[in-house]
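Trainee: Could you take me through one part of this protein in some detail? I'd like to hear about the largest pocket, and whatever around it helps me find my way.

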Amino acid sequence: MSLLEQRLQLARAALSEDLDIGQVYGRLLKVTGNLLEVSGCRLVMGQRCCIDTEGGGELEAEVVALDREQALLLPLRAPSGLYTGARVRPCTSESSFSISPLLLGRIVDGLMRPLDGLPPIKGQPVSWQQRVPNPLLRRRVSEPLDVGVRAINGLLTPGKGQRLGLFAGPGVGKSVLLGMMARYTQADVVVVGLIGERGREVREFIDDCLGEQGRAKTLVIAAPADQSPLMRVRAAESCHRVAEYFRDQGKDVLLLMDSLTRYVQAQREIGLAVGEPPVARGYPPSAFSSLTELVERAGNGEQATGSLTAFYTVLAEGDDQQDPVADAARAILDGHVVLSRQLAEQGHYPAIDIGASISRVMSKVAGPEHLLQAVQCKRWFGLYQQVRELLPLGGIQSGKSHETDEAIANYPALAAFLQQHEHEPVSLTQALEQLALLSGGMYAQAPDQPAA
């Protein structure tokens, strides 16, 4: 072999190795609020970028819109240290993250990075994207779910794979009710998403509402209100992706997300930032389409085992149940539990207004006798609320209406049935036994002093 051939072989071998062929950078053109305009490099929707900041640091951002030759980005944290012409480095999009049973008991952010000071979890790589099951192949809701709350178990019985909304104004006990369900629900895995809540509430919910009993089987994904709208959106999506993974592993999963309203508000901030027109009280069209896409990811899958039951809190601004987000959520969910400020002010906890609440799958998971008993109790509750203000004035005369007299006579026992201390779990079996006694006029057990 000649010297020339030897050199050619060495050259071919060198070319076959992985070579660093260089990096294409873009430039930061404009900053408007949280919206960053970038040009000079090829970017795709959803791609991550790192932008140089003053002092040698980098700001991570994500492409949310494209405008001719420019890309519009939103940062994953509050932007600071940016300057005109800053270098923008496109990053390889992270298409997967690690997941394992060791995630249970942990607290992470929207990108699945630890917030509890413990090392990152190493496990099976899972894609961020998940195909939504074919609606005709999804397993139907056919089994009741025991959530440990007497009023819900007895009168609004949920099913495994159902999606319910928890509609409440601020300060009526929704966090306490979520904590009760996280601790007492008969589920293998609980995923809690704290989206857009105050930072103080994150620690309080973990320590006070979950406690050691609830935290052992729970993964908490938190994106407080001070984080960017993009991080709040990613946190909500991460909750669903983790819940989908455990459901597809054959586990019974409970997803609690507080709140769906904050998720839609984050989508509103993103939509308005990129120039979408507001169509309903300042909400752009993409906010409501993303709401439907997110909720549809919950529910049963195509497998014979495993379920994903979701409870979403919906904030009724000023206790307005006709808020656009509340109205849209009520239409796409499989039921709603309404918390009443009037009941909360009376010291009635949990402050569930059973007359305004409904479970759309209860008829599929409850027996005929159970359904009749629940309807009877809801009728008593509704009749009593109609005449409640007239009773102290003597405006109701007994004997005029047998149903009204029956409602007034049975309301104290019904109120005792509906109230429950936050540290007092009531199983589905116990709730049905007590409901049978109540509908027969025999239930008169006074509840423990409830906690707000």
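Mentor: Sure, happy to. Keep in mind that this is a predicted model.

Let's get our bearings before we zoom in. The protein has 452 residues, and buried ones make up 51% of them. Its secondary structure comes to 13 helices and 16 strands, and the C-alpha trace spans about 115 × 50 × 40 Å along the principal axes.

Now to the pocket you asked about. The largest pocket has a volume of about 910 Å³. Its lining counts 33 residues, and the ones closest to the centre are Gly46, Glu62, Gln129, Arg234 and Glu237. Where does the largest pocket lie with respect to domain 1 and domain 2? Domain 1 (26-90) and domain 2 (97-111 + 139-364) both give residues to the lining, so the pocket lies between them.

As for who builds the wall, β4 (58-67), α5 (229-248), α6 (260-273) and α7 (285-295) each supply at least two lining residues. Of the contributors, α5 gives the most, with six residues. If you sort the lining by class, you get twelve nonpolar, twelve polar and nine charged residues.

Two of those wall elements are worth following outwards. Start with β4, which is part of a closed barrel of six strands, running β1-β2-β5-β4-β3-β6 with antiparallel pairing. From one strand to the next, the twist averages 45°. Within that barrel, β3 (residues 48-52) pairs with β4 in the antiparallel sense over five bridges, and Asp52 stands opposite Glu58 in β4. Go on past β4 and you reach Arg68, in the loop between β4 and β5 (70-75). Its backbone is a little unusual to look at: phi of Arg68 is near 55°, a positive value in a residue other than glycine. Arg68 counts as exposed because its relative accessible area is 81%, against a cut-off of over 50%.

The other one to follow is α6. In the loop between β13 (252-258) and α6 sits Ser259, and a cis peptide bond joins Asp258 to Ser259, with omega at about 10°. There's another cis bond to look at, between Tyr349 and Pro350, where omega is about -10°. Pro350 has its place in the loop between α9 (341-345) and β16 (358-359).

While we're on backbone angles, look at Met112 too, in the loop between β8 (107-108) and β9 (124-127). Phi of Met112 is near 65°, again a positive value in a residue other than glycine. Is Met112 buried or exposed? Met112 is buried, because its relative accessible area is 13% and the cut-off is under 20%.

For comparison, have a look at the second largest pocket, which holds about 490 Å³ of space. Of the 26 residues that line the second largest pocket, the closest to its centre are Lys174, Ser175, Glu197, Arg198 and Glu201. Here α3 (174-184) and α4 (199-215) each supply at least two lining residues, and α4 has the largest share, with seven. By class, the lining of this second pocket divides into twelve nonpolar, four polar and ten charged residues.

So when you go back to the largest pocket, use α5 as your landmark, since α5 gives the most to its lining.

Technical notes. Residues are numbered from 1 along each chain as its sequence is written. This is a predicted model: local features need pLDDT of at least 70, side-chain atom pairs count only at pLDDT 80 or more; totals for chains, interfaces and linings use all residues. Side-chain values use heavy atoms; hydrogens and water are left out. On a 1 Å grid over the protein atoms alone, a cavity is a set of points where a 1.4 Å probe fits but cannot get out, and a pocket is an open set with protein on both sides within 12 Å along at least five of seven lines; lining residues have an atom within 4 Å of a point. Grid points are joined across faces, edges and corners, and a volume is the space filled by probe spheres set on the points. Helices (H or I, at least four residues) and strands (E, at least two) are DSSP runs, numbered from the N terminus. Ala, Val, Leu, Ile, Met, Phe, Trp, Tyr, Cys and Pro count as nonpolar, Asp, Glu, Lys and Arg as charged, and the others, Gly among them, as polar. Domain bounds come from an automatic or database domain assignment. Two strands pair if DSSP finds at least two bridges between them. Axes are lines fitted to C-alpha atoms, for helices over the stretch in contact, and angles run from 0 to 180 degrees between N-to-C directions. Buried means under 20% relative accessible area, exposed over 50%, partly exposed in between (1.4 Å probe, protein chains only).
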